[in-house]
Amino acid sequence: MRTILITGATDGLGRELARRLAAAGDRVIVHGRDPDRVHAARERAGGDTEGVVADLAELRQVERMAAEVLDRFDRLDVLVNNAGVGGGKPFSGRQESADGIELRFAVNYLAGYHLTRRLVPLLAASAPARVVNVASVGQQAIDFADPMLTTGYSRQRGYSQSKLAQIMFTFDLAEELAGKGVTVNALHPATFMNTSMVREALVPPISSVGQGAAATLRLVDELDGVTGRYFDQRRESRANAQAYDLEARKRLRHLSNDLIRRALA
């Protein structure tokens with residue numbers, strides 16, 4: 001039996017992944033920020049599920065969640081970094097996390113970055129293991145002169161740079177863990193799935209949650225040994241050019257580690 005942690009598993013794609021994986025016989029750790037919604041998602045999933053609660057907009061809670069997972073579970077076969085904040089309501093402005101970090105960068109990227117790095121020892125000890133980062137085809141290069149988007153902010157820009165950051169981290173971690181039995185891949189699961197995130201933005205859904213789940217499960221269940229790749233649904237694809245820029249990835253690592261140090265100081 002595999003142990004699989006899915007962040008953002010109380011709604012949308014994460015909830016459907018939890019349901020399908022629990023039905024297949026895996027032990028699923030359901031993450032959410034609200035205890036009642038975590039309980040409801042576990043009830044819906046059935047099977048062998050556990051719950052963890054943390055608001056990923058606060059790095060101290062991410063740190064606490066990582067410590068809890070390391071304490072409670074003796075193995076972790078798959079980590080699916082699915083939790084995220086969408087573009088938000090039309091005409092909504094720039095928002096910050098509890099740590100003063102641009103909200104989409106904080107939740108969509110930095111929380112998963114920190115959680116994954118904290119859980120790498122458990123993943124490696126459980127090898128063969130996998131990390132699956134749920135990113136997006138919507139990507140925009142990070143402006144390292146203003147990564148928190150204090151000027152020229154737009155909802156789409158914030159979302160798109162956070163998703164590219166996920167992919168940059170995917171490539172970095174895959175290289176770091178090469179030969180250690182842990183694969184790391186990212187994907188765009190489907191376009192405008194019928195989720196609360198898409199509906200909030202008043203965007204007409206194009207794809208079903210089931211379509212996104214099928215593409216994501218392919219990275220969870222198949223493609224043994226494949227690592228350091230970005231997929232557009234089921235097809236291997238090429239990300240924004242900045243994802244292949246080693247200097248940009250180094251700058252992102254330094255920025256990320258600095259933000260985490262400040263938040264946890």
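Me: In this predicted model, which loop holds E102?
Reply: Start just ahead of helix α4. E102 is not in the helix itself, as it lies in a loop. That loop runs between β4 (78-81) and α4.

Me: Is E102 buried or exposed?
Reply: A residue counts as buried under 20% relative accessible area. E102 has a relative accessible area of 0%, so E102 is buried.

Me: Which backbone nitrogen does a side-chain oxygen of E102 reach at the start of α4?
Reply: Look at the start of α4. A side-chain oxygen of E102 comes to within 3.2 Å of its partner there. The partner is the backbone nitrogen of R104.

Me: How far apart are the C-alpha atoms of E102 and P147?
Reply: Along the chain, 45 residues separate E102 and P147. In space, the distance between their C-alpha atoms is 8.5 Å.

Me: Why does the end-to-end distance of α4 agree with its length?
Reply: Helix α4 covers residues 103-125, which makes 23 residues. At 1.5 Å a residue, α4 should span 33 Å. The expected span and the model agree, because the end C-alpha atoms of α4 are apart by 32 Å.

Me: Where does α4 bend, and which proline follows?
Reply: The bend is about 50 degrees. Its place is L119. Within four residues comes a proline, P121.

Me: How many residues of α4 are buried?
Reply: The helix has 23 residues, and it is mostly covered. The buried ones number 18.

Me: Is N108 buried or exposed, and what is its relative accessible area?
Reply: N108 lies in helix α4. The cut-off for buried is under 20%. N108 falls under that cut-off and is therefore buried, with a relative accessible area of 2%.

Me: Which backbone nitrogen lies 2.5 Å from a polar atom of the N108 side chain?
Reply: This contact joins a side chain to a backbone. The side chain of N108 supplies one polar atom. At 2.5 Å from that atom lies the backbone nitrogen of V85.

Me: Which element gives the most to the lining of the largest cavity?
Reply: The structure holds two cavities of 30 Å³ or more. The largest has about 50 Å³ of space. Its lining includes V107, N108, A111, G112 and L115. The top contributor, with five residues, is α4.

Me: How many charged residues line the largest cavity?
Reply: Sort the lining by class. Five residues are nonpolar and six are polar. The number of charged residues is none.

Me: Which elements give two or more residues to the lining of the second largest cavity?
Reply: This cavity holds about 40 Å³ of space. Among its lining residues are N108, Y109, Q166 and F169. The elements that give two or more are α4 and α5 (155-176).

Me: Which peptide bond is cis, and what is its omega?
Reply: Most peptide bonds are trans. The cis bond here joins A127 and P128. P128 sits in the loop between α4 and β5 (129-134). Omega of the cis bond is about 5 degrees.

Me: What is the phi of L223?
Reply: Most residues other than glycine have a negative phi. L223 is not a glycine, yet its phi is positive. L223 is in the loop between α7 (209-221) and β7 (229-232). Its phi is about 55 degrees.

Me: Where is Q233, and what value is its phi near?
Reply: Q233 lies in the loop between β7 and β8 (235-237). It is partly exposed, with a relative accessible area of 30%. Q233 is a residue other than glycine with a positive phi, near 60 degrees.

Key:
Residues numbered from 1 in each chain as written. Predicted model: local features only at pLDDT ≥ 70, side-chain atom pairs only at ≥ 80, totals over all residues. Heavy atoms only, no water. Expected span 1.5 Å × (residues − 1). Bend = angle between axes of the 7 residues up to and from the residue. Buried < 20%, exposed > 50% of the residue type's maximum accessible area, 1.4 Å probe, protein only. Polar contact = N/O pair within 3.5 Å; in protein donor to acceptor, adjacent residues only side chain to side chain. 1 Å grid on protein atoms, 1.4 Å probe; cavity = no way out; pocket = protein on both sides within 12 Å on 5 of 7 lines; lining within 4 Å. Points joined across faces, edges and corners; volume = space filled by probe spheres on them. Nonpolar A, V, L, I, M, F, W, Y, C, P; charged D, E, K, R; others polar.
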